[in-house]
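This report describes the architecture, helix packing and charged pairs of a single protein chain. The sequence and the coordinates are shown first, and the discussion follows.

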Amino acid sequence: TRENQILAIIPRWRWIYFALIGLLLLLAFNGQWRIGRDSAAYRGLGHQLATTGHYIFRDKNHLSTYSDQQDTRYPGMPLVLAGAEQIFGRRDWPAVLIVTFCAIVTLLVTYRLMKPAVPFWLAIAVTFGMGLNGRFLEHANEILSDIPFLLGVMLTLLGFDRLEKARQTRARVISLLVLVVGLL
């Protein structure tokens, strides 16, 4: 039928779809920091860690004015930004590039996770759709923890899935490592 012919085309053209996603991510990358409240907090903490070695997010006097609000910054993203600043200096493009790289790896992990679980054409379509998603592309070019968090979730799911299916010790150890990395 016509529907089956269309579904058969998707796997044959998968490299074109993936190349389009890669091209879109490449064209969207400009290496500039889009300043926002959260990204400024992460950049500030990363800079503070890189220059002083201290991680202080709001002192006690500042917290008393916001006693009814919970505002927490976990140290993962500031540690990565501090490392990037130590290596490249205080530039925007390395931090944005790290998040963009996390987005690419997230797409790859999503594809690897879905490929054995759903029809091949659907794994390709979901990965392609995720790569074309406007919110995903926006967050792939911002210094926020959203994409690295999504990568952690996808790695955790992949590690758990592989651990569940692993029969040999080596495969179990690798799956456990992927799971732990995702959780971290």
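Which residues of α10 are buried? In this predicted model, the buried residues of α10 are Ser-175, Leu-179 and Gly-182. These residues cover an arc of only 60° around the axis, which puts them on the same side of α10. Part of their cover comes from α9 (146–165), which is included in what lies over the buried residues of α10. The opposite face, turned away from the buried side, carries the exposed residues Thr-169, Arg-170, Leu-177 and Val-181. Helix α10 itself comprises residues 169–183, 15 residues in total. From its first C-alpha to its last, α10 reaches 21 Å, close to the 21 Å expected at 1.5 Å a residue.

## Overall architecture

The protein contains 10 helices and zero strands. Read from the N terminus, the order of elements is therefore simply α-α-α-α-α-α-α-α-α-α. Of its 184 residues, 35% count as buried. The accessible surface comes to about 11,700 Å², and carbon and sulfur atoms account for 63% of that area. Among contacts between residues at least 6 apart in sequence, 68% join residues at least 24 apart.

One pair distant in sequence involves Arg-37, which is placed in helix α3. Arg-37 is exposed, with a relative accessible area of 54%. Its C-alpha atom is separated by 10.0 Å from that of Leu-144, although the two residues are 107 residues apart along the chain.

## Helices α7 and α6

Helix α7 spans residues 120–132. Its end C-alpha atoms are 19 Å apart, in agreement with the 18 Å that its 13 residues should span at 1.5 Å a residue. Within α7, the buried residues are Ala-123, Ile-124, Thr-127, Phe-128, Met-130 and Gly-131. Seen down the helix axis, these residues fall within an arc of 160°, so they line one face of α7.

Two of the residues on that list recur in the surroundings of Thr-110, a residue of helix α6 (residues 93–114). How is Thr-110 classified, as buried or exposed? Its relative accessibility is 4%, and Thr-110 therefore counts as buried. With neighbours within four places in sequence left aside, Thr-110 is in contact with Thr-127, Met-130 and Met-154. Thr-127 and Met-130 are both among the buried residues of α7.

## Salt bridges

How many salt bridges does a search of the whole structure find? The search finds three, and they are listed below with their N to O distances.

| Basic residue | Acidic residue | N to O distance |
|---|---|---|
| Arg-43 | Asp-92 | 2.9 Å |
| Arg-162 | Asp-161 | 3.6 Å |
| Lys-165 | Asp-161 | 3.4 Å |

The pair formed by Asp-92 and Arg-43 connects separate parts of the chain. Asp-92 lies in the loop between α5 (76–88) and α6, and Arg-43 lies in helix α3 (residues 37–52), so this salt bridge ties together parts that are 49 residues apart in sequence. The two partners are classified as follows. Asp-92 has a relative accessibility of 27% and counts as partly exposed, whereas Arg-43, at 9%, counts as buried.

The remaining entries of the table involve helix α9. Lys-165 and Asp-161 both lie in α9, four residues apart, about one turn of the helix. Salt bridges that share partners join Asp-161, Arg-162 and Lys-165 into one network. Within this network, Asp-161 is buried, with a relative accessible area of 17%. Arg-162 is partly exposed at 25%, and Lys-165 is likewise partly exposed, with a relative accessibility of 45%.

## Nonpolar surface

A nonpolar patch of about 660 Å² is present on the surface. Which residues make this nonpolar surface patch? Its members are Trp-13, Ile-16, Leu-20, Leu-23, Leu-26 and Leu-27. One of them, Leu-23, lies in helix α2, which covers residues 14–28. At 43% relative accessibility, Leu-23 counts as partly exposed.

Methods
Residues are numbered from 1 along each chain as its sequence is written. This is a predicted model: local features need pLDDT of at least 70, side-chain atom pairs count only at pLDDT 80 or more; totals for chains, interfaces and linings use all residues. Side-chain values use heavy atoms; hydrogens and water are left out. Patches are made of residues with over 30% relative accessible area and no salt bridge: like charges are joined within 9 Å, nonpolar side chains (Val, Leu, Ile, Met, Phe, Trp, Tyr) within 5 Å. Accessible areas come from the Shrake-Rupley method with a 1.4 Å probe; for residues, only the protein chains shown count as cover. A salt bridge is a side-chain nitrogen of Lys or Arg within 4 Å of a carboxyl oxygen of Asp or Glu. Buried means under 20% relative accessible area, exposed over 50%, partly exposed in between (1.4 Å probe, protein chains only). The expected span of a helix is 1.5 Å times one less than its number of residues. The arc is that of the directions from the helix axis to the C-beta atoms. Contact means heavy atoms within 4.5 Å.
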